[in-house]
Amino acid sequence: MSIRNLDRMYGPRSVALIGASGRQGAVGHVLLANLLGAGLPGPVWAVNPKGGEILGQTVFPDIASLPEAPELAVIATPPQTVPGLIDELGRRGTRAAVVITAGFGELGEEGRKLQAQMLEAAKPHLLRIAGPNCLGIMAPGKGLNASFGHVQPGEGHVAFVSQSGAVVTAVLDWAVSRNIGFSCVASLGGMSDVDFGDMLDYLAADPQTKSILLYIESIRDARKFMSAGRQAARLKPVIVIKAGRHEAGARAAASHTGALAGSDAVYQAAFRRAGMLREFGIEDLFDAVETLSTRSERRPILGERLGILTNGGGVGVLATDFLVDEGGRLAEVSEDTIAVLDKVLPRTWSRANPVDIIGDADAARYTHGMEALLQDRNTDALLVMNCPTAVVNNLSAAHAVIEAAEKSSKPVFTNWLGDKGARDARAAFQQHGIPTYETPTGAIRAFMLHVRHNRNQRLLLEIPEASGPDRAGHDRATARGLIEKALREEREWLSEAEAKSLLAAYGIPVVETRVASSGAEAARIADELGYPVALKILSPDITHKSDVGGVALGLDSAEAVSEAASRMVSRVCRFHPGAEIEGFTVQQMVRKPDAYELILGIVDDATFGPVILFGQGGTAVEVVRDKAMALPPLNRVLAEDLISRTRVSRLLEGYRGHAPADRDAIAMALMALGDLAADHPEVAELDINPLWADAEGIVALDARVRILPAKSKGTARFAIRPYPVSLEGELQDREGRAYPLRPIRPEDAPLTDELLEHTDPEDVRLRFLSPLRKLPRQLAARLTQIDYDREMAFVVFTDETRKEFAAVGRLSEDPNRERAEFAIIVRSDLHGHGLGYALMKKLIDYGKSRGVGEIFGHVLRENRSMLNLCDDLGFTRHTIEGDPSLVETRLKLG
């Protein structure tokens, strides 16, 4: 991932347009007009072999004749000329280019070859490319409009990044009419180089960008996207519109999990895991822009309880219905507020939320109603609605709303219904930065956008308790043997017995299943197991046994088993005549009358890698389609969140005499599947259906596992880098004493607080540059819930009990891996043993293994022990401009 030279792309001091045209309406003419009209402080040069003058600008015949190297080049020439132009620009010193031209990867093999040539030409010069086949880019606050869009957007704090140029022009046209501005607009087009991951990293650090809106058709690099997305979403709202939700032809899937795991469902899981907000239609996109543009840091939404003030009872009820449909909460008006409103409203007011102030409500009535509701502790935000009437002036009511809203610390949303009669009021709201929507649903959707963002932030910052499946207890050797046997025999599917053995190796309870080669042997096994039993056909060619009559349940004698086996073979031969029949599986019937039927599974998505599925199971699983998906790795909190997103989760809580199911056991099974996917990349699909769950626990009744040769090693295909087990080890101090060491985990937050308690306050101040006795919850979560793909923190334990930290060392990479910042803290009573020195060497070695160019740290000038340690390891000292109390220490690794 890289943001290298994106500052040149979105804040250039000079721009050259290669392919400028004097022909009115040509792309090269529109591009030049937009560049000149945007107000770039530096020069804009036009290049065309014909020379001359266009729009009052001298036209240069070629790149070589330009006065100097442009920081940004915009290319609108035939595709076959582009690789040569990129090479020439790079040699001249240009470090960023926007390729407007189409005719590359989208045109097949020849276009892909041309695109590869373009990228090869850029590579030696580290020249970054936006496009090809794009509308262009804009940074209104920096006077840049390198696009052929038809409007010039204003300056604002919303960044809009889109694969589709057509969507960009539609959004800009809509936004300009509403005086909504942008910090950045990027049309990525073919994404040959700069993609969503790069833009998320760049915009996360951009102080002018307060929120980010993405229009996505596809993701090129899932891990890069997820890593950048999670980082950006921690800092500012990220909203996603994803096109292509329904595939024209869904791929045939042999397992239920494969059939349920459509591409869009996986994208939904990815967005949720990254902390992003998902919207669906173009209308939602417009509403999202409106909402983000008026987002106030001074008036954040701190809760989920919405008050509604309206002069029309009917529309208030409609808004309430939609709020409930969206999972929102209606505020309960307190008795004190009702008493206040009784004094200022007509006797016929609703005396409940929604607060109906009656159709003849004037400006004063709106003011009184708003003041009372905004002061109510039960209300976190307020929606004010107005239906047009001939009795009162709705514009005066709007001004009253504006005045009351500006006095409050709580957010206010408005919905003035109608068209022509509501335009002036909406314009007034927009002028004062108050969110306004044309429909009740739009206003509710905007409020819920904030609510869902807050929920996602809580999920990102959640600190799970220290529990979960014991990874050391997994029988990886048995699992590996089963998988390698199938690969040697060139079988895609494990047998039912093998599949259950694989699950048992990862601690998931299964029904004992034995294999019989004939009906007679099946009867003997049934006698040994005890009746009643279930009998199933065993065939490598049949995965859905029920579909061909390959399952018989509740058999209560040897004769019944033998007869069922004979009938089963006949049915299977009739329905699936080519199937190879290896025999039968026999298992004792499980009696769990109150058990819930669930499905758990793994599917290997082409873009995001392994995905975990949970939902309501049974034979009707694909009809019911009650499921949710999540990207591994999972911890307890994420597993619980996955369960809660299904309808069956409400049944699992218990109802009408049915005891609640053991949700802990279900969550642990989901986490075990995440571990299994991490340990065995050959598992392409896995189905547990049904998994029975009741108050006593869980048991897997049937399972299917598909095995394919691994395309990559270990967890390289994971969209989120899992916990790196391979980095566990030990650290030795100068006396040779060994301390257990491992990467930090989310559940380590309490141990981090204990480390501070055992550390002298002065040592804590030197580490954190401020006195702390306990980390704030948000900071604790940030330091323990890290993205292992861009940051590492090693924790060192005092002894093998692993109950207390001796030290923590951290290395945080920048997106380019050019630099990484270190931080170390050692418990005060363990100073003087060389533990900090050993931990710093560990960080240096890790940085080298990651290809980091340089590590650095900001150290207080008075922290002589750390400065001396860095000196001993070869660091150099540098002053920090503007802060004489700090020293920057640097060590080159490359």
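Which residues does A186 touch, not counting residues up to four places away in sequence? In this predicted model, the list consists of Y10, G136, I137, F160, V161, S162 and M199. A186 has its place in strand β11, which spans residues 181-187. With a relative accessible area of 0%, A186 is buried. A further partner in space can be given as a distance: A186 and G131 lie 55 residues apart in sequence, and their C-alpha atoms are 9.7 Å apart.

One of the residues touched by A186, I137, leads on to the packing of the interior. I137 is among the residues with the most contacts inside the largest nonpolar core, together with L72, M199, L214, F225 and F608. That core holds 68 residues. Leaving aside residues up to four places away in sequence, I137 itself touches M9, Y10, L72, V98, A130, L144, N145, A146, S147, V185 and A186. Another core, of 49 residues, lies apart from the largest one and includes Y506, Y596, A672 and F718.

It is helpful to set these cores against the chain as a whole. The secondary structure of the protein chain comes to 29 helices and 38 strands. For 894 residues the globule rule gives 29 Å, and the radius of gyration of the protein chain is close to that at 32 Å, so the chain is as compact as a globular protein of that length. Along the principal axes, the C-alpha atoms fill a box of roughly 95 × 80 × 65 Å. Of the 894 residues, 57% are buried. Among contacts in the protein chain with a separation of 6 or more, 71% come from residues 24 or more positions apart.

Helix α3 offers a friendly example of one-sided burial. Within this helix, residues 82-92, the buried residues are V82, P83, L85, I86, L89 and G90. They sit on the same side of α3, because the arc that they cover around the axis is only 160 degrees. In general, an α-helix has 3.6 residues a turn, so residues three or four places apart point the same way. The cover over the buried residues of α3 includes the strands β1 (15-18), β5 (72-75), β6 (96-99) and β7 (128-130), as well as helix α4 (109-122). After α3 comes G93, with a positive phi near 120 degrees.

Two open sheets can be described next. One has 4 strands with antiparallel pairing, in the order β21-β24-β22-β23. Its edges are β21 (513-516) and β23 (551-555); each has a single partner strand, so one side of each is left without a neighbour in the sheet. From one strand to the next, the twist averages 25 degrees. Strands β21 and β24 (residues 583-588) run antiparallel and are joined by 4 bridges. Within this pairing, R514 has V586 in β24 as its bridge partner. Two helices accompany these strands. Helix α18 (residues 496-505) lies across β21, β22 (533-538) and β24, and runs at about 155 degrees to β21. Helix α19 (residues 519-529) also packs on the sheet, where it touches β21, β22 and β24, and its direction makes about 150 degrees with that of β21.

The other sheet described here is an open one of 8 strands with mixed pairing, ordered β31-β32-β33-β34-β35-β36-β38-β37. The strands at its edges, β31 (729-732) and β37 (876-879), each pair on one side only. Here the twist averages 30 degrees from one strand to the next. Helix α25 (residues 749-757) packs on this sheet and touches β33 (791-797), β34 (805-813) and β35 (819-826), its direction making about 115 degrees with that of β34.

Both senses of pairing can be seen in this sheet. Edge strand β37 pairs with β38 (residues 886-892) in the antiparallel sense over 4 bridges, and the bridge partner of H878 is E888 in β38. Strands β35 and β36, by contrast, pair in the parallel sense over 3 bridges, where R819 has E854 of β36 as its bridge partner. Strand β36 (residues 854-860) is largely enclosed by the rest of the structure, because 6 of its 7 residues are buried.

Terms used
Residues numbered from 1 in each chain as written. Predicted model: local features only at pLDDT ≥ 70, side-chain atom pairs only at ≥ 80, totals over all residues. Heavy atoms only, no water. Core = buried A, V, L, I, M, F, W, Y, C linked by side-chain atoms within 4.5 Å. Buried < 20%, exposed > 50% of the residue type's maximum accessible area, 1.4 Å probe, protein only. Contact = heavy atoms within 4.5 Å. Arc of directions from axis to C-beta. Pairing = 2+ DSSP bridges. Axes fitted to C-alpha atoms, helices over the stretch in contact; angles between N-to-C directions. Rg over C-alpha atoms; globule rule 2.2 N^0.38 Å.
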